[in-house]
Amino acid sequence: MRTHVVDHPLVTHKLTTLREESTDSPTFRALTDELVTLLAYEATRDVRVTTVEIQTPVSAATGVRLASPKPLVVPILRAGLGMLDGMMRLLPTAEVGFLGMVRNEETLEASTYAERLPDDLSGRQCYVLDPMLATGGTLAAAIRFLTDRGADHITAICLLAAPEGCERLAADLENIDVPVTIVTAAMDERLNEKGYIVPGLGDAGDRLYGVA
Ligand code: URA
């Protein structure tokens, strides 16, 4: 597993306001959208393309287009939904599959409560959207779900990550023979006793949608 922390002043600038307790939901949603687009630019560096020959008004030229099958974007419900538009802005022809995962607040383990994904993901590049890589349980379960269906390349885009979650994810995915990359705006200090990222930004779903 590879972890890529995007080091860019605009990313840190947007993240700073996102973190602030006083930032309201509309602003939080707008900033998430912008931040995800910046992260998506980095996360799609290895998106698969095929070479094509085109004609410019001046001459013949060689270019690339997204390869088939098209990438699959998978927001993890609920909070991953707030990242979807920002991602689709860069990959408008990608397909979208949904995965509903819930974390048991006592055991901190994740389970699947809904899914709308193709049965066969053979040869698919998947971009998983999950704002908070906290304990790593949700993301590990989601990645396993996708690789069990045949996905052969996974990139997860997270607003924030915690070192404990990254370690657990790397351990959980040790026997998965699929390249996994985590792209995040920051690697925070730690998790607290409730499994929240510190300093973090609180509950991403609540802050996006204004409901506790
Ligand atoms: N989920 C969140 O929304 N925030 C955290 O800090 C951890 C998990």
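**Exercises: the ligand shell and helix α1**

In this predicted model, the shell around the ligand splits into six nonpolar residues, three polar ones and one charged one. Let's work through who they are and what sits around them.

**Exercise 1.** Find out which residue of the ligand shell is the charged one.

*Solution.* Start by listing the shell: Ala79, Met132, Ala134, Gly195, Tyr196, Ile197, Gly200, Asp203, Ala204 and Gly205. Asp counts as charged, while Gly goes with the polar residues. That leaves Asp203 as the charged member.

**Exercise 2.** Asp203 and Ala204 both carry the UniProt "binding site" annotation, from an unreviewed entry. Work out whether each is buried, exposed or partly exposed.

*Solution.* First, place them: Asp203 sits in the loop between β13 (197-198) and α6 (204-209), and Ala204 is in helix α6. Next, count neighbours. Asp203 has 15 other C-beta atoms within 10 Å, so it's partly exposed. Ala204 has 25 inside 10 Å, so it's buried. Finally, see who Ala204 touches: leaving aside residues up to four places away in sequence, the contacts are Ala79, Pro131, Met132 and Leu159.

**Exercise 3.** Explain why the buried residues of helix α1 (residues 9-19) end up on the same side.

*Solution.* Pick out the buried ones: Val11, Lys14, Leu15 and Leu18. They span an arc of only 100° around the axis, so they share one side of α1. The general rule helps: an α-helix has 3.6 residues a turn, so residues three or four places apart point the same way. Now flip to the other side of α1, where Pro9, His13 and Thr16 are exposed. Last step, the cover: α2 (25-43) and β11 (180-187) are among what covers the buried residues of α1.

Key: Residues numbered from 1 in each chain as written. Predicted model: local features only at pLDDT ≥ 70, side-chain atom pairs only at ≥ 80, totals over all residues. Near = placed C-beta within 6 Å. UniProt positions renumbered as here; feature names shortened; annotations may be inferred. Helix = DSSP H or I, 4+ residues; strand = E, 2+ residues; numbered from the N terminus. Buried ≥ 20, exposed ≤ 12 C-beta atoms within 10 Å, placed from the backbone. Contact = placed C-beta atoms within 7 Å. Arc of directions from axis to C-beta.
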